[in-house]
Protein chains: 2
Amino acid sequence: MRVALDAMGGDFAPAPIVAGACEAVADLPELTVCLVGDQAQIEAELAKAPAAPRDRLPIVHASQVIGMEDKPVEALRKKRDNSISKCWGLMASGQVDAVVSAGNTGAMVASALFNAKMFLPGVRRPGIAAIFPSHQGPIVIIDVGANMNAKAEDLYQYGIMGSIYAEEILGVPEARIGLLNVGTEDEKGNELTKSTFETYQSSPWASRFVGNVEGRDIYNGDVRVVICDGFVGNVLLKAGEGAVEFLFSQLKTELARLLPELPGDAGQKIIAGLKDLKSRFEYEEFGGAPLLGIRGACIICHGASGSRAIKNALRVAEKMASERLRDRIVEQLGGAAPLST
Amino acid sequence: MRVALDAMGGDFAPAPIVAGACEAVADLPELTVCLVGDQAQIEAELAKAPAAPRDRLPIVHASQVIGMEDKPVEALRKKRDNSISKCWGLMASGQVDAVVSAGNTGAMVASALFNAKMFLPGVRRPGIAAIFPSHQGPIVIIDVGANMNAKAEDLYQYGIMGSIYAEEILGVPEARIGLLNVGTEDEKGNELTKSTFETYQSSPWASRFVGNVEGRDIYNGDVRVVICDGFVGNVLLKAGEGAVEFLFSQLKTELARLLPELPGDAGQKIIAGLKDLKSRFEYEEFGGAPLLGIRGACIICHGASGSRAIKNALRVAEKMASERLRDRIVEQLGGAAPLST
């Protein structure tokens, strides 16, 4: 299995990106990671990991980098030799089975959407799935930013792709689908939610569709796939991130006030416990957000990803590319025979 | 100052609602609270507070109750003698200056929107403002559920009303306005955000408008007013609530694991500290969400409101009704001379 990794993408690239690749190939004997980016910088990082199996860490040079703040479409046009486009180029030509990047999300998505030949047969628009925690394990929220003007048919497809992803990759059997809405009654919401509701009810997936769910229900885990348009999903994702950060900062202040009163190493234990808890709310464990509906696998990592997140993203990308995910999506949406892999 | 309080609205009504009213009139000597609902039940609750000044706690009987799960429009039509409609009736006839309810939000909003004569001059659609915490103090998010099909002009008005509310009620000078979006670049988002952005830039309020803000920026407090359509705002509000609940439940589990190892009363101190922190994330402090753009004051409380939340809502409602809030909104939106109060 070969994965193209954007070595230049991320707030702290290339150091934690290359380090994550080294860790991943050490753990996963079938994995080859093509490190895409500035050859000299990548070599310098690889030199820090002399034990890494270099034969499974080839470098593909790209002379340009799309920055985290660059405007995606403009940057893709002006910087033709950028590492993100090069990753997708390797995928389009069949040299890799997956693409992973912690770089500019807009550029990652735009690169994929520009080339409709990359879409799986029958897929209207690929969608980004975020993996959230819940009381019953990980849940899929789709779309969190690929599609700002979604139609009911897009949301319908997101639910199916998300449900198949939950089954194949997260191990959730018969993952049920909920439509994110402002109330649970059938007739709630805006034009998009009303027509998505109707689309599901008269579809072969009606039995998997539980109807409307509210924001506060997400964390119950009663549905393992929550569908919404990319604008709402993106706001939800980022606001959730902001809320968790804010809450932990307040918690830190509160504990700092209490800690001097605590005897012995009690304070240290609590701080260690909190750090562990916080990491569970971060992207590290699931590696990042899969882009669903394309021919290969793709994981979009958080800009702040450390080596552990990158390693996990590579692990998930390998799983996404090798499992039955693609065939099942095509079977449901393409109306055609499964692709041979 | 007279406020109509829906004594029957809320998950635990009427007990905490009547108790909150008793506490409020004890604290605020100018306040009269009309308790609207089932006379016998209200009398029974008042009997538990013999010291309460009954002359400032008149009862207005209503024989019907709209339940939390009732469909708003249908319930308003079928239950003509319900407590929510009666509260609005008292406001429409000038017998009270404000309405407060912890009952069915949809019915509260629909009652207000049904009667365009209740709108302040120049206001296109009233909006619900939620008060969120931030690193720099309370912020206003508007709209969180009154308007599912908002236009750019609606969002423009929400920003102005929210900014005036932040100044007059929350004490934030020159509260700046941000447009909730999926990125901070000017051209980001969907049709609504793009046209709202343009509306602001060519408006007298351009200097207060900072442009697009992302979900994760909300908690910085750099802008004190965040505008969005009612669908997005409602999802944001409820998902935030769900995330905080989920996080605290995880925290509780984590601490339960650590507590046996802590000596003395350290564990108790931490639990007390956490409870205090959690309450700051709840609606109690600000009492509830003001409905902005109507002739009187209106506070919509959380269904789970306890007596403290109701008391605070009554305090805020008194402030909203008596201060310059209304005049300033009309001055900005009505294009007419301020209403005499």
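The exercises below deal with a predicted model of two chains.

Residues are numbered from 1 along each chain as its sequence is written, and chains are lettered from A in the order in which they are written. Local features need pLDDT of at least 70, side-chain atom pairs count only at pLDDT 80 or more, and totals for chains, interfaces and linings use all residues.

**Exercise 1. Find the operation that lays chain A on chain B.**

Step 1. Superpose the copies by least squares on the C-alpha atoms of residues with pLDDT of at least 70 in both.
Step 2. Read off a turn of 180° and a shift of 0.0 Å along the axis, with an RMSD of 0.0 Å.
Step 3. This is the relation of a two-fold axis.
Step 4. Turn to the contact residues (C-beta atoms, placed from the backbone, within 7 Å). Of those in chain A, 100% recur in chain B, so the same surface serves both copies.

**Exercise 2. Locate the cis peptide bond in chain A.**

Step 1. The bond joins A:A13 and A:P14, with omega about 0°.
Step 2. A:P14 sits in the loop between β1 (2-6) and α1 (15-27) of chain A. Helices (H or I, at least four residues) and strands (E, at least two) are DSSP runs, numbered from the N terminus.

**Exercise 3. Describe the setting of A:E174, a residue other than glycine with positive phi.**

Step 1. Its phi is near 45°.
Step 2. A:E174 belongs to the loop between α6 (152-168) and β7 (177-180) of chain A.
Step 3. Count 10 other C-beta atoms within 10 Å of A:E174. A residue is buried at 20 or more, exposed at 12 or fewer and partly exposed in between, with C-beta atoms placed from the backbone. A:E174 is therefore exposed.

Notes: Contact = placed C-beta atoms within 7 Å.
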